[in-house]
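Here's a quick walk through one protein chain, written for someone who would rather look at the side chains than read a table of scores. Have the viewer open and follow along.

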Amino acid sequence: MQSYSKKFQIWWKRFRLALGDTFQEYAKRTKVSGIWLLRPTRTTGVSRFVWSSLLISLFILAVYLSLQLWIKFYSYPILNTIAEDIAITDVPFPGITVCSPQIINEDRVEKLMDRLYIPPSYDRSQVAEGFSYLNAFTDQTWSPSNTSMYDLTHEILRLNNMTMYKTAMEVGAGCSDFVKRCFWGNVEFPCRQKHEYLSFSPTTSFMGSCCSFNYHPQNLSYVPFSANTFGVDGGLSFIGFEGSPENISTGLIVFVHHPIDFATEAASSVTITTNAESFIEVFPTMQASSADVLELPPKKRDCLTSEDVSQAVYRQAACLLECESRIIMQKCKCVPYHLPNFSDTPMRECQLNDSLNYSKDFDKFKSVRCEDCLPNCHDVTYSTLAYKTDILLHNYSVNHFYANLNYSEDMFIAHIFLTRQVVPSIHKVTVMSWVGLLSDLGGVFNLCLGLSMVSVVEFVYYFTYRLKLNYKMRSVLMQS
């Protein structure tokens with residue numbers, strides 16, 4: 001132990017003397033501002049101490065400013081900038097999804113029961129009441145009035161080979177209920193024709209059964225169409241009814257979303273009511289990312305592309321629904337009828353007898369955080385502004401759109417259109433690149449100490465190679 005301590009003392013003495021020799025040599029020959037004043041022949045005593053303190057203070061300042069630059073570069077690398085506006089012909093017209101707040105339509109329940117086989121031993125009124133358990137999958141505030149009623153309805157549906165999806169579409173208000181006449185601009189088209197673009201089709205969302213226009217979330221080859229003009233004359237209009245006069249609810253919900261997105265809670269929405277003509281103005285916004293941004297890790301740029309997840313088309317809305325489906329499957333061992341099937345293997349559809357277990361964890365399902373589902377790096381988002389007028393004002397219009405309009409107390413008219421000829425574009429760009437970061441770091445050290453890249457190379461040379469040579473020389477001198 002004593003021999004080891006003695007060897008260390010010898011090594012430390014040699015190293016300390018070699019370090020002093022190297023520093024003197026460095027101070028004598030370096031071009032770095034201020035270092036030459038640390039030579040013994042230049043400053044001594046108080047002046048040497050003051051000058052050393054000043055150089056150390058400037059070095060600490062340079063390190064501090066460099067850390068601030070690094071934090072800015074690493075923590076906040078993205079900046080949103082407003083780019084040139086884009087013509088609406090280059091922006092897809094949004095998908096439109098219309099849903100009723102009432103999941104169960106009583107008239108439709110009665111019509112369905114007339115078509116179902118119901119054994120005489122079953123109470124028809126109790127079977128009808130059991131359909132209300134469909135609310136458990138879409139209504140957060142719903143609570144059952146009789147916890148055993150669903151058994152009868154579940155058994156009847158099983159006897160008639162009725163899936164929950166088909167049942168929900170049968171008993172919920174849909175396209176045939178509240179979409180009667182459809183127009184693109186002022187030209188009428190059949191609402192439920194087989195057309196890639198101009199057609200309404202039955203769909204589902206988090207609100208149950210719905211009716212959608214320009215809605216193709218699972219068609220990866222679909223190319224969205226665009227409007228060639230703005231205003232009412234270049235958009236979608238439809239005339240409909242909220243339900244039967246005996247079963248009028250409080251309005252309909254219109255969701256405006258990307259045509260290849262599922263209608264989710266994040267979509268912009270507007271409530272339209274009966275006895276009113278609603279005008280829904282749509283404001284698209286283009287979002288894009290520069291090549292420098294795409295080179296950053298997804299977590300840093302806070303967005304994803306299809307290449308990042310190895311998918312043909314990546315959409316955040318689909319990712320969130322898939323994440324929610326996985327959580328529901330883990331908890332309930334089934335997936336509710338209104339969620340799409342994202343799995344390659346068939347998953348069990350939730351039945352009425354699963355409704356109570358599902359409703360217990362409803363809040364958990366809706367509040368699940370899917371951190372991997374980042375926004376799209378290239379996307380179009382839609383915001384809306386709506387206003388309405390009395391539907392009877394059409395009597396004073398000379399527009400042929402209102403010709404042969406048979407008024408009904410549960411009738412409504414909705415116009416959905418783009419309001420501007422151009423669309424704003426927001427680009428994500430990097431606050432600074434690696435080249436910019438190096439330039440700023442060089443500027444900081446040059447400002448504080450007059451350093452350059454040559455100064456760094458010079459410093460490394462003296463305190464590696466020259467230090468090693470001076471250490472060998474000190475070793476020889478001490479041995480002799």
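Let's start in the interior, with Phe93, which is buried at a relative accessible area of 0%. Keep in mind throughout that this is a predicted model. Phe93 has an aromatic partner, Phe225: their rings are stacked, 5.8 Å centre to centre, with 20 degrees between the planes. Phe225 counts as buried too, at 12% relative accessibility.

Why is this pair worth a look? Phe93 sits in the loop between strand 1 (78-87) and strand 2 (95-99), while Phe225 belongs to the loop between strand 6 (208-213) and strand 7 (236-241), so the pair ties together parts that are 132 residues apart in sequence.

For another geometry, click on Tyr358 and Phe362. Their ring centres are 6.0 Å apart and the planes meet at 80 degrees, so this pair is edge-to-face. An angle over 60 degrees is what earns that label. Tyr358 is buried at 0% relative accessibility, and Phe362 is buried at 5%.

How many aromatic pairs does the structure hold? The count is 22. Ring pairs also join up into a cluster made of Phe93, Trp184, Phe189, Tyr197, Phe200, Phe213, Tyr222, Phe225, Phe238 and Phe412. So the stacked Phe93 and Phe225 belong to a network of linked rings.

**Around the loop at Pro224**

Pro224 lies in the loop between strand 6 and strand 7. Buried or exposed? With a relative accessible area of 29%, Pro224 is partly exposed. Leaving aside residues up to four places away in sequence, Pro224 touches Pro92, Tyr197 and Pro259. Tyr197 is also one of the cluster residues. For a longer reach, put a ruler between the C-alpha atoms of Pro224 and Gln126: they are separated by 46 Å, and the two residues are 98 apart along the chain.

**Cavities**

Searching the whole structure turns up two cavities of 30 Å³ or more. The largest has a volume of about 80 Å³. Its lining is made of 14 residues, and those nearest the centre are Ser205, Phe206, Ala263, Leu321 and Leu339. Strand 5 (200-205) and helix 10 (316-332) are the elements that give two or more residues to that lining. What is the chemical make-up of the lining? It divides into seven nonpolar, four polar and three charged residues.

**Helix 6 and its neighbours**

Helix 6 (164-171) has these buried residues: Met164, Thr167, Ala168, Met169 and Val171. They pack against helix 3 (106-115), helix 5, strand 5 and strand 6. An α-helix has 3.6 residues a turn, so residues three or four places apart point the same way. Look for that spacing when you view the helix from its end.

**Backbone oddities**

Two residues that are not glycine have a positive phi. Asn161 has a phi near 55 degrees, and Lys333 has one of about 60 degrees. Both are in loops: Asn161 between helix 5 (149-159) and helix 6, Lys333 between helix 10 and helix 11 (355-360). Asn161 counts as exposed at 69% relative accessibility, and Lys333 counts as exposed at 53%.

Here are some of the accessibility values side by side.

| Residue | Relative accessible area | Class |
|---|---|---|
| Phe93 | 0% | buried |
| Phe225 | 12% | buried |
| Pro224 | 29% | partly exposed |
| Lys13 | 42% | partly exposed |
| Lys333 | 53% | exposed |
| Asn161 | 69% | exposed |

**Zooming out**

Now for the whole chain. Its secondary structure comes to 14 helices and 13 strands. Helix 1 (residues 2-29) is where you'll find Lys13. The C-alpha atoms of Lys13 and Asn395 are separated by 105 Å, with their positions 382 residues apart along the chain.

What is the radius of gyration of the chain? It is 36 Å, whereas a compact globule of 480 residues would come in near 23 Å. Along its principal axes, the C-alpha trace spans about 115 × 65 × 40 Å. Of the 480 residues, 44% count as buried. As for contacts with a separation of 6 or more, 77% come from residues 24 or more positions apart.

Conventions
Residues are numbered from 1 along each chain as its sequence is written. This is a predicted model: local features need pLDDT of at least 70, side-chain atom pairs count only at pLDDT 80 or more; totals for chains, interfaces and linings use all residues. Side-chain values use heavy atoms; hydrogens and water are left out. On a 1 Å grid over the protein atoms alone, a cavity is a set of points where a 1.4 Å probe fits but cannot get out, and a pocket is an open set with protein on both sides within 12 Å along at least five of seven lines; lining residues have an atom within 4 Å of a point. Grid points are joined across faces, edges and corners, and a volume is the space filled by probe spheres set on the points. Helices (H or I, at least four residues) and strands (E, at least two) are DSSP runs, numbered from the N terminus. Ala, Val, Leu, Ile, Met, Phe, Trp, Tyr, Cys and Pro count as nonpolar, Asp, Glu, Lys and Arg as charged, and the others, Gly among them, as polar. Rings of Phe, Tyr and Trp (its six-membered ring) pair if their centres lie within 6.5 Å; planes under 30 degrees apart count as stacked, over 60 as edge-to-face and the rest as tilted. Buried means under 20% relative accessible area, exposed over 50%, partly exposed in between (1.4 Å probe, protein chains only). Contact means heavy atoms within 4.5 Å. The radius of gyration is taken over C-alpha atoms; the globule rule is 2.2 Å times the number of residues to the power 0.38.
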